[in-house]
Amino acid sequence: MAISLRLSRGGAKKRPYYRIVAADSRRARDGKYLEQLGTYNPMLPKDSEERVKLNEDRIRYWLGVGAQPSDRVLRFLDAAGIMEREARNNPNKAEPGEKAKERAEEKATKAAEAKEAEEAAKAEAEEAAKAPAEEAPAEEAPIEEAATDEGAATEAADAAEEAKEDAPAEEASSEEKSEG
């Protein structure tokens with residue numbers, strides 16, 4: 001029979017109260033236990049002496065017989081000076097999970113695609129603005145040719161405006177602020 005020193009929950013809903021008990025490790029958390037060794041009331045302030053109460057003599061007895069404390073109980077025993085707890089290091093503690101990493105990658109790819117689309121739209125708008133100026137010859141052009149060049153320029157300007165409308169709303173609002 002493996003004995004463990006652990007917490008057994010009591011109290012009401014959303015108002016926990018724990019007994020520190022010596023119990024068979026195969027028993028239910030709140031089930032039958034061998035002996036109550038103390039109490040823990042997490043509702044009290046951390047500096048309160050009533051928060052954790054321990055029966056040190058009986059705890060030392062159970063540890064001497066081979067009982068294994070749970071991690072939380074071991075923290076209490078370390079604070080009371082009954083048993084030493086080794087410091088643990090978890091370098092991956094702050095690292096996000098797999099799903100969070102996937103979401104971040106998707107978000108980054110969407111942002112990169114939107115940025116590329118915005119840059120392409122800007123480049124097209126600049127080319128469209130430069131094209132009529134470059135194509136117009138220094139000499140007088142016939143009236144019909146000039147009219148078609150102006151039509152092409154307005155079509156290019158319309159295409160640039162549509163590209164801006166296709167860009168995400170945040171980017172469009174930042175462009176409007178810079179123009180205004």
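Modeller: Helices (H or I, at least four residues) and strands (E, at least two) are DSSP runs, numbered from the N terminus. This is a predicted model, in which local features need pLDDT of at least 70 and side-chain atom pairs count only at pLDDT 80 or more, while totals for chains, interfaces and linings use all residues. Residues are numbered from 1 along each chain as its sequence is written, and side-chain values use heavy atoms, with hydrogens and water left out.

Biologist: In what order do the elements of the chain run from the N terminus on?

Modeller: The secondary structure comes to 5 helices and 5 strands. Among them, strand 2 spans residues 15-24 and strand 3 residues 35-40, while helix 3 covers residues 98-135. From the N terminus on, the elements of the chain run β-β-β-β-α-β-α-α-α-α.

Biologist: What percentage of the 180 residues in the chain do buried residues make up?

Modeller: A residue is buried under 20% relative accessible area, exposed over 50% and partly exposed in between (1.4 Å probe, protein chains only). Phe76, at 11%, is one that counts as buried. Of the 180 residues in the chain, the buried share is 22%.

Biologist: Which residue has a positive phi although it is not a glycine?

Modeller: The residue is found in the loop between strand 1 (3-12) and strand 2. Its relative accessible area is 70%, so this residue is exposed. A phi of about 65 degrees belongs to Lys14.

Biologist: How many aromatic pairs does the structure hold?

Modeller: Rings of Phe, Tyr and Trp (its six-membered ring) pair if their centres lie within 6.5 Å; planes under 30 degrees apart count as stacked, over 60 as edge-to-face and the rest as tilted. By that rule, the number of aromatic pairs in the structure is 3.

Biologist: Is the aromatic pair of Tyr18 and Tyr40 stacked or edge-to-face?

Modeller: The two ring centres of Tyr18 and Tyr40 are 5.8 Å apart, with 20 degrees between the planes. The pair links distant parts of the chain, since Tyr18 lies in strand 2 and Tyr40 in strand 3, 22 residues apart. The arrangement of Tyr18 and Tyr40 is therefore stacked.

Biologist: What are the parts that the pair of Tyr40 and Phe76 ties together?

Modeller: Tyr40 is buried, because its relative accessibility is 10%. The rings of Tyr40 and Phe76 have centres 4.7 Å apart and planes at 50 degrees, so this pair is tilted. The residues are 36 apart in sequence, and the parts tied together are strand 3, for Tyr40, and helix 2 (residues 71-80), for Phe76.

Biologist: Which residues form one aromatic cluster?

Modeller: Tyr40 is stacked with Tyr18, and Tyr40 also forms a tilted pair with Phe76. The members of the cluster are Tyr18, Tyr40 and Phe76.

Biologist: What is the N to O distance in the salt bridge of Arg58 and Glu35?

Modeller: A salt bridge is a side-chain nitrogen of Lys or Arg within 4 Å of a carboxyl oxygen of Asp or Glu, and the count by this rule is 9. In one of them, the side chains of Arg58 and Glu35 meet. This salt bridge links distant parts of the chain, with Arg58 in helix 1 (residues 56-64) and Glu35 in strand 3, 23 residues apart. The N to O distance is 2.8 Å.

Biologist: Where does Arg85, the partner of Asp71, lie?

Modeller: The side chains of Asp71 and Arg85 meet in a salt bridge with an N to O distance of 3.8 Å. The pair ties together parts that are 14 residues apart in sequence, because Asp71 lies in helix 2 and Arg85 in the loop between helix 2 and helix 3.

Biologist: Is Glu118 buried or exposed?

Modeller: Glu118 meets Lys122 in a salt bridge of 3.3 Å, N to O. Both residues lie in helix 3, 4 residues apart, about one turn of the helix. Lys122 has 42% relative accessibility and so counts as partly exposed. At 17%, Glu118 counts as buried.

Biologist: Which residues are joined into one network by salt bridges that share partners?

Modeller: Asp71 is partly exposed, because its relative accessibility is 31%. Its salt bridge with Arg85 was given above. The network joins Asp71, Arg75 and Arg85.
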